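Please open the structure in your viewer and keep the sequence panel beside it, since this tour moves from one selection to the next.

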Amino acid sequence: MQIENNRLIVRSLTKDDIDGIISIRNDEKVYEYEPSFLIERQGSIEEAIDKISNMDLFRDKQCILGVYEKDNPAQLVGIAEFYDYKASGMIVSIGYRFLSQYWHKGLGSSCVNALLYYLRNNTKVRIVTAHVLPINKGSSKCLEKNGFEYLITKKEDWGHGELEDTDVYVIDC
């Protein structure tokens, strides 16, 4: 899978991306606002990349992709994901995370835009959600900039020991 817009390329990860995944895994700031159980953090890097590179959204109910700036397509700068796909309701959730050196540069917004473009033009998905810790104001702004609306705050398991308040955003696709 490959999605492009004017700033980014969002594509399937391969074994060539191992160094980039290692950089993301080693940047603790990346996971400050993220669940502890993300696939790229589980097991060895080789095991993680094998799982990720073989994912299919419709078969596996999730798909993890690499994010690259268009002017440097070999450098992995982040990870985007579709997850919790429900065919019966044509619903999917999206997520994203970037190396901390790329924060506050508009890449998150550009990534969300690319993910929505893909869903609108290549799937029958009708509802997209995103789940954000309330403290992550940057991600909330990014979602709102792309047309998402705040729906509810609910308790969710982010793998940190206790259920956490989570803001859920939604957009019609």
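Which residues form a nonpolar patch on the surface? In this predicted model, select Tyr 150, Leu 151 and Ile 152, which form that patch and together have about 300 Å² of accessible area.

Keep Ile 152 selected for a moment and colour strand β7, in which Ile 152 lies. Ile 152 counts as partly exposed because its relative accessibility is 41%, and partly exposed refers to values between the 20% and 50% limits.

Next, move to the largest pocket, which has a volume of about 1,000 Å³. Of the 43 residues that line the largest pocket, select Glu 34, Tyr 96, Arg 97, Asn 136 and Ser 139, which are the closest to its centre. Then colour the elements that give two or more residues to this lining, namely β4 (76-86), β5 (91-98), α4 (107-122), β6 (127-132), α5 (137-145) and β7 (149-157). Helix α5 provides the largest share of the lining, with seven residues. If you colour the lining by residue type, you should find 21 nonpolar, eleven polar and eleven charged residues.

For the last stop, select Lys 86, which is found in strand β4, one of the elements that give two or more residues to the lining of the largest pocket. Lys 86 is partly exposed, because its relative accessible area is 37%. Finally, add Ile 3 to the selection and draw a distance between the two C-alpha atoms: Lys 86 and Ile 3 are 83 residues apart along the chain, and their C-alpha atoms are separated by 21 Å.

Note on methods. Residues are numbered from 1 along each chain as its sequence is written. This is a predicted model: local features need pLDDT of at least 70, side-chain atom pairs count only at pLDDT 80 or more; totals for chains, interfaces and linings use all residues. Side-chain values use heavy atoms; hydrogens and water are left out. On a 1 Å grid over the protein atoms alone, a cavity is a set of points where a 1.4 Å probe fits but cannot get out, and a pocket is an open set with protein on both sides within 12 Å along at least five of seven lines; lining residues have an atom within 4 Å of a point. Grid points are joined across faces, edges and corners, and a volume is the space filled by probe spheres set on the points. Helices (H or I, at least four residues) and strands (E, at least two) are DSSP runs, numbered from the N terminus. Ala, Val, Leu, Ile, Met, Phe, Trp, Tyr, Cys and Pro count as nonpolar, Asp, Glu, Lys and Arg as charged, and the others, Gly among them, as polar. Patches are made of residues with over 30% relative accessible area and no salt bridge: like charges are joined within 9 Å, nonpolar side chains (Val, Leu, Ile, Met, Phe, Trp, Tyr) within 5 Å. Accessible areas come from the Shrake-Rupley method with a 1.4 Å probe; for residues, only the protein chains shown count as cover. A salt bridge is a side-chain nitrogen of Lys or Arg within 4 Å of a carboxyl oxygen of Asp or Glu. Buried means under 20% relative accessible area, exposed over 50%, partly exposed in between (1.4 Å probe, protein chains only).
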